Amino acid sequence: MKAQRSQDLSYRIAFRMIRAVHDGWLIHKLVDPVELLRTLGVKHGDHVLEIGCGPGFYTVGASAAVGSDGIVYAFDINLYAIRYLRTKLNKLDITNVVAEDRNANESGLPDNSVDFAFLFGVPRVAGGIDQLIQETIRVLKSNGILAVGAERGRASSVVQTLLDKGLTLRETKKRYHLFVNTISAANVG
Ligand SMILES: C[S@@+](CC[C@H](N)C(=O)[O-])C[C@H]1O[C@@H](n2cnc3c(N)ncnc32)[C@H](O)[C@@H]1O
């Protein structure tokens, strides 16, 4: 009970800090998330998976980029982030986003169902990067894209892990690595 309360408090504090940076005025001034996601390859009608959505700065952009025929799955382990995001989606009348407090390592999405997945600004993946990549490969369609932010300090090790898992690095655009799923889901073990 005490441990649960202290974990809850740490999620609450973590979210306040994340929100200040990842949904603050500066990011809104500097980045146009719709344009960014379109440039990286998100298309109208796509099924998109956002891993670690936090307060949803990119979620709203992804929603606009896929349009009414598409869908965005926005997952975060932090319940405070998801509550905040759901309120934001309601206010903006956005209906093509499924926001869940869920570990993306166990997404619950069907095999081969996602056109584009992205991992931006997640320096520490809960449950480990290896399992996350395995799960992302499972849900990505063949030739689906995984876009990973090339954040300082983690870029090379994450790229290597993704290459080791069999993804193909197509290009690096605007400081984002674009990997293609060239592995069929049936081969993932
Ligand atoms: C620093 S925030 C970034 C939020 C958002 N991606 C952005 O750039 O605006 C990182 C988020 O990833 C979440 N996270 C970390 N590991 C996760 C996992 N395995 N599944 C889902 N969310 C995760 C954290 O809870 C946190 O809210």
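The following exchange goes through the sheet, the ligand shell and several single residues of a predicted model.

Colleague: In what order do the seven strands of the open sheet lie?

Modeller: The sheet is open and its pairing is mixed. Its edge strands are β3 (97–101) and β6 (168–173), each of which pairs on one side only. Neighbouring strands are turned against each other by 20 degrees on average, direction ignored. Read across the sheet, the order is β3-β2-β1-β4-β5-β7-β6.

Colleague: Are the residues of β1 buried or exposed?

Modeller: His47, Leu49 and Ile51 point one way from β1, while Val48 and Glu50 point the other way. The strand is mostly covered. Of its five residues, five are buried.

Colleague: Which residue of β2 stands opposite His47?

Modeller: β1 and β2 run parallel and are joined by five bridges. Together with α4, these two strands make a right-handed β-α-β unit. Opposite His47 in β2 stands Ile71.

Colleague: Which residue of β4 stands opposite Val48?

Modeller: β1 also runs parallel to β4, with three bridges joining the two. Opposite Val48 in β4 is Phe116.

Colleague: Which residue of β7 is the bridge partner of Leu146?

Modeller: Leu146 belongs to β5, where it stands opposite Ala117; β4 and β5 run parallel and are joined by five bridges. Strand β5 (residues 140–149) is also joined by five bridges to β7 (residues 176–180), but these two run antiparallel. Between β5 and β7, Gly149 stands opposite Tyr176. The partner of Leu146 in β7 is Phe179.

Colleague: Across which strands does helix α6 lie, and at about what angle does it run to β5?

Modeller: Helix α6 covers residues 129–139. With β4 and β5, α6 makes a right-handed β-α-β unit. The helix lies across β1 (47–51), β4 (114–119) and β5, and its angle to β5 is about 140 degrees.

Colleague: At about what angle does helix α5 run to β3?

Modeller: Helix α5 comprises residues 79–92 and lies across β2 and β3. β3 is one of the edge strands of the sheet. The angle between α5 and β3 is about 155 degrees.

Colleague: Which elements give two or more residues to the shell around the ligand?

Modeller: The ligand is surrounded by 23 residues, and the closest are His22, Gly52, Gly54, Ala104 and Gly121. Two or more residues of this shell come from each of α1 (2–22), α4 (57–66) and β2 (71–76).

Colleague: How many residues in the shell around the ligand are charged?

Modeller: By class, the shell has 14 nonpolar residues and eight polar ones. The number of charged residues is one.

Colleague: Why does Ile145 count as buried?

Modeller: Ile145 lies in strand β5. Beyond its neighbours within four places in sequence, it is in contact with Gly41, Phe116, Leu178, Phe179 and Val180. The C-alpha atom of Ile145 is 8.6 Å from that of Val114, although the two are 31 residues apart along the chain. Burial requires 20 or more other C-beta atoms within 10 Å, and Ile145 is buried because its count is 22.

Colleague: Is Asn143, also in β5, buried or exposed?

Modeller: Asn143 has a positive phi of about 70 degrees although it is not a glycine. A residue is exposed at 12 or fewer other C-beta atoms within 10 Å. Asn143 has 11, and therefore it is classed as exposed.

Colleague: Where is Asn112 placed, and how many other C-beta atoms lie within 10 Å of it?

Modeller: Phi of Asn112 is near 50 degrees, a positive value in a residue other than glycine. Its place is in the loop between β3 and β4. Asn112 is partly exposed, and the number of other C-beta atoms within 10 Å is 15.

Colleague: Which residues does Val34 touch, not counting those up to four places away in sequence?

Modeller: Val34 is found in helix α3 (residues 33–40) and is partly exposed, with 16 other C-beta atoms within 10 Å. From C-alpha to C-alpha, Val34 and Val60 are 8.0 Å apart in space, with their positions 26 residues apart in sequence. The residues that Val34 touches are Gly61, Ala64 and Ala65.

Definitions and conventions
Residues are numbered from 1 along each chain as its sequence is written. This is a predicted model: local features need pLDDT of at least 70, side-chain atom pairs count only at pLDDT 80 or more; totals for chains, interfaces and linings use all residues. A residue is near a molecule or strand if its C-beta atom, placed from the backbone, lies within 6 Å of it. Helices (H or I, at least four residues) and strands (E, at least two) are DSSP runs, numbered from the N terminus. Ala, Val, Leu, Ile, Met, Phe, Trp, Tyr, Cys and Pro count as nonpolar, Asp, Glu, Lys and Arg as charged, and the others, Gly among them, as polar. Two strands pair if DSSP finds at least two bridges between them. Axes are lines fitted to C-alpha atoms, for helices over the stretch in contact, and angles run from 0 to 180 degrees between N-to-C directions. Two residues are in contact if their C-beta atoms, placed from the backbone, lie within 7 Å. A crossover is right-handed if, with the strands pointing away from the viewer, the path from the first strand over the helix to the second runs clockwise.
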